[in-house]
Amino acid sequence: MNYVIENKNAIIRRVLFVLILLVTAALQGTAGLFPTPGNIGVFLLIPAAVIISMFERGIPGLLLGTFAGLLWDTYTTGFGFNAIYMTIIAFGAWGLIHYLMRNNLSTAMLICSVSLLLYILLYWLWNYVFKGYGTAWQVLIKYYLPTFLYSVVFIPLIYLLIRTVMKNFR
Amino acid sequence: MRRFVKSIGFKIFAVIMAALVFGAVLAATTHKYTSPFTSAVSFIFSRVQRLSARLAERLSDSEIYFKSSASMAERVSELESQLADARGQLVGYEDAKSKLALYEEFLELKKEHNDYKFASCSIISRDAADLFGSFVLNKGEVHGIKVNDPVIYGKYLVGLVASVTKTQCTVRTILNPDVNVSAYEVRTGESGFVTTTPELSRKGLCRLPGLDRTTAVSAGGLVCTSGVGGIYPRDLIIGQVTGIENDNENISTYAVIAPSVRFSELKDVFVLTYFYGQEGAAGE
């Protein structure tokens with residue numbers, strides 16, 4: 001009986017996680033749907049995928065991370081970079097929590113911030129530095145770092161939301 | 001560590017990574033610049049993107065009001081409801097008006113160029129990481145759209161299709177430094193290619209480099225596509241010259257161009273799926 005309830009809860013929880021990822025992708029990718037002061041961007045999918053992986057078991061967390069990346073790819077011109085990146089960070093986040101760290105707000109802030117910063121730096125290197133644009137530093141300082149800081153602000157909210165789902169449908 | 005590498009989770013991770021990398025290679029080799037996995041996800045969830053785009057449109061058209069006192073709440077609510085109805089009608093009217101303007105320009109263009117074939121599209125999302133205004137349209141391969149098809153708004157050039165899936169495509173605007181458009185200045189006939197830099201792009205500007213220091217191009221001049229290269233048809237309006245600047249890298253000058261389209265305000269555009277002389281198009 002307990003197994004049936006557990007199984008039902010796991011299904012509901014994962015459906016809710018998929019919905020959270022869909023809403024997050026829509027908020028991130030639709031102009032005017034989420035407030036972005038000073039024309040900066042916001043990356044909500046990375047914290048969402050990382051925190052889901054921290055709470056979920058390895059394989060479902062990994063698959064949800066890949067799904068988040070594929071969703072992000074539908075908004076971009078790249079040919080699958082986001083899916084690859086999100087799969088790696090989702091698996092990495094699960095591995096860190098499973099083997100090395102505790103799952104709490106501080107570790108979530110740390111893992112999400114590092115994942116966001118790494119993404120931004122990779123994106124910036126690929127799209128500005130390697131193309132030899134002279135103003136690459138300005139772009140990093142005026143756009144991508146404020147975007148990073150603005151995204152970090154929402155990590156606790158996303159953490160609380162996912163933890164609530166997890167607690168109710170464990 | 002060995003236990004971790006031998007775990008089922010790691011094996012599944014390795015399989016997924018291999019599949020995603022294979023998808024990326026396939027995307028590059030098929031010249032659609034979209035992985036088959038992304039294509040599948042976009043096919044399934046494109047409705048969500050359309051829904052969120054519509055919701056964002058509604059939100060931008062509405063305002064939030066606060067009730068002043070409890071005694072007036074009922075009356076205010078009644079008036080608000082009437083106002084919301086009126087505003088809803090007004091939004092519909094404004095939408096229809098802007099669409100009508102677009103279709104009028106389109107009709108004029110269609111009369112001038114019988115060979116043009118179009119797909120009318122709506123913008124459903126934008127890439128948060130991209131500073132250059134890339135956006136996603138609600139139509140794709142099944143509507144005849146291909147990579148490198150020009151995207152226009154009336155007579156004005158917006159950009160080109162950068163990647164395409166079955167049901168949607170991604171557009172790079174002329175504010176992206178990777179986009180180069182062969183162009184000429186209408187009054188003097190001086191030609192070159194219009195491109196931009198990240199710095200100019202942030203200000204919403206492009207440039208026409210390689211002009212002589214003694215160039216006759218001046219502020220107010222109109223810059224159009226020249227049709228060279230077969231990517232864009234001739235005579236689409238790119239923008240207006242706002243000034244001439246000296247190039248720091250060589251002895252030439254460049255014209256600063258303000259595009260005629262406000263990219264952030266675009267809702268609907270046309271993709272030119274065929275025109276006479278298009279590169280790679282079968283003669284019709």
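**Salt bridges, interface and surface of the predicted two-chain model**

In chain B, the side chains of B:Lys146 and B:Asp149 come together in a salt bridge, with an N to O distance of 3.3 Å. The two partners differ in their surroundings: B:Lys146 is partly exposed, with a relative accessible area of 35%, whereas B:Asp149 counts as buried because its relative accessibility is 1%, under the 20% limit for a buried residue. As background, side chains of opposite charge can pair when their charged atoms come close. The model described here is predicted, and its values are to be read in that light.

A further pair in chain B is formed by B:Lys166 and B:Glu141, whose closest N and O atoms are 3.6 Å apart. B:Lys166 sits in the loop between strand S4 (156-164) and S5 of chain B, and B:Glu141 in the loop between strand S2 (135-137) and S3 of chain B, so this salt bridge ties together parts that are 25 residues apart in sequence. Both ends are partly exposed, B:Lys166 at 42% relative accessibility and B:Glu141 at 26%.

The search over all chains of the structure returns six salt bridges. In chain A, a network of salt bridges links A:Arg13, A:Arg14 and A:Glu56.

Attention now turns to the contact between the chains. Here 48 residues of chain B are in contact with 44 residues of chain A. The area buried between chain B and chain A is about 3,900 Å², and carbon and sulfur atoms give 71% of this area. One salt bridge is found across the interface. In this bridge A:Lys131 meets B:Asp178, with the closest N and O atoms 2.6 Å apart. A:Lys131 lies in the loop between H5 and H6 of chain A, and B:Asp178 in the loop between strand S5 (169-173) and strand S6 (181-185) of chain B, so the pair joins two chains. Each partner is partly exposed: the relative accessibility is 36% for A:Lys131 and 35% for B:Asp178. For the complex, the predictor gives an ipTM of 0.81 and a pTM of 0.78.

Chain B has 284 residues, of which 45% are buried, and its secondary structure comprises five helices and twelve strands. Among the contacts in chain B with a separation of 6 or more, 59% are between residues 24 or more positions apart. The accessible surface of chain B is about 15,100 Å², and 56% of this surface belongs to carbon and sulfur atoms.

Confidence varies along chain B. The mean pLDDT is 80, and 85% of the residues of chain B reach 70 or more. Strand S3 (residues 150-153) of chain B has the highest confidence, at a mean of 91, while helix H4 (residues 73-112) of chain B has the lowest, at 71. Over residues 63-68 of chain B the pLDDT is below 50, and this stretch has five contacts in the model beyond near neighbours in sequence.

In chain A, helix H2 (residues 45-55) is largely enclosed by the rest of the structure, because eleven of its eleven residues are buried. These buried residues include A:Leu45, A:Pro47, A:Val50, A:Ser53 and A:Phe55.

The surface of chain A offers a contrasting view. A:Leu117, A:Leu121, A:Trp137, A:Ile141 and A:Leu145 form a nonpolar patch there, together accounting for about 460 Å² of accessible area. H5 and helix H6 (136-153) of chain A are the elements that give two or more residues to this patch, and H6(A) provides the largest share, three residues. One member of the patch, A:Leu145, is found in helix H6 of chain A and counts as partly exposed because its relative accessibility is 31%.

Another leucine of chain A, A:Leu100, is placed in the loop between helix H4 (81-99) and helix H5 (105-129) of chain A. A:Leu100 counts as exposed because its relative accessibility is 70%, over the 50% limit for an exposed residue. The C-alpha atoms of A:Leu100 and A:Thr36 are separated by 35 Å, the two residues being 64 residues apart along the chain.

Conventions
Residues are numbered from 1 along each chain as its sequence is written. Chains are lettered from A and ligands numbered from 1 in the order in which they are written. Side-chain values use heavy atoms; hydrogens and water are left out. pLDDT is the predictor's confidence in each residue, from 0 to 100. Helices (H or I, at least four residues) and strands (E, at least two) are DSSP runs, numbered from the N terminus. Contact means heavy atoms within 4.5 Å. Buried means under 20% relative accessible area, exposed over 50%, partly exposed in between (1.4 Å probe, protein chains only). Patches are made of residues with over 30% relative accessible area and no salt bridge: like charges are joined within 9 Å, nonpolar side chains (Val, Leu, Ile, Met, Phe, Trp, Tyr) within 5 Å. Accessible areas come from the Shrake-Rupley method with a 1.4 Å probe; for residues, only the protein chains shown count as cover. A salt bridge is a side-chain nitrogen of Lys or Arg within 4 Å of a carboxyl oxygen of Asp or Glu. Buried area is the accessible area (1.4 Å probe) that two parts lose on being put together, summed over both.
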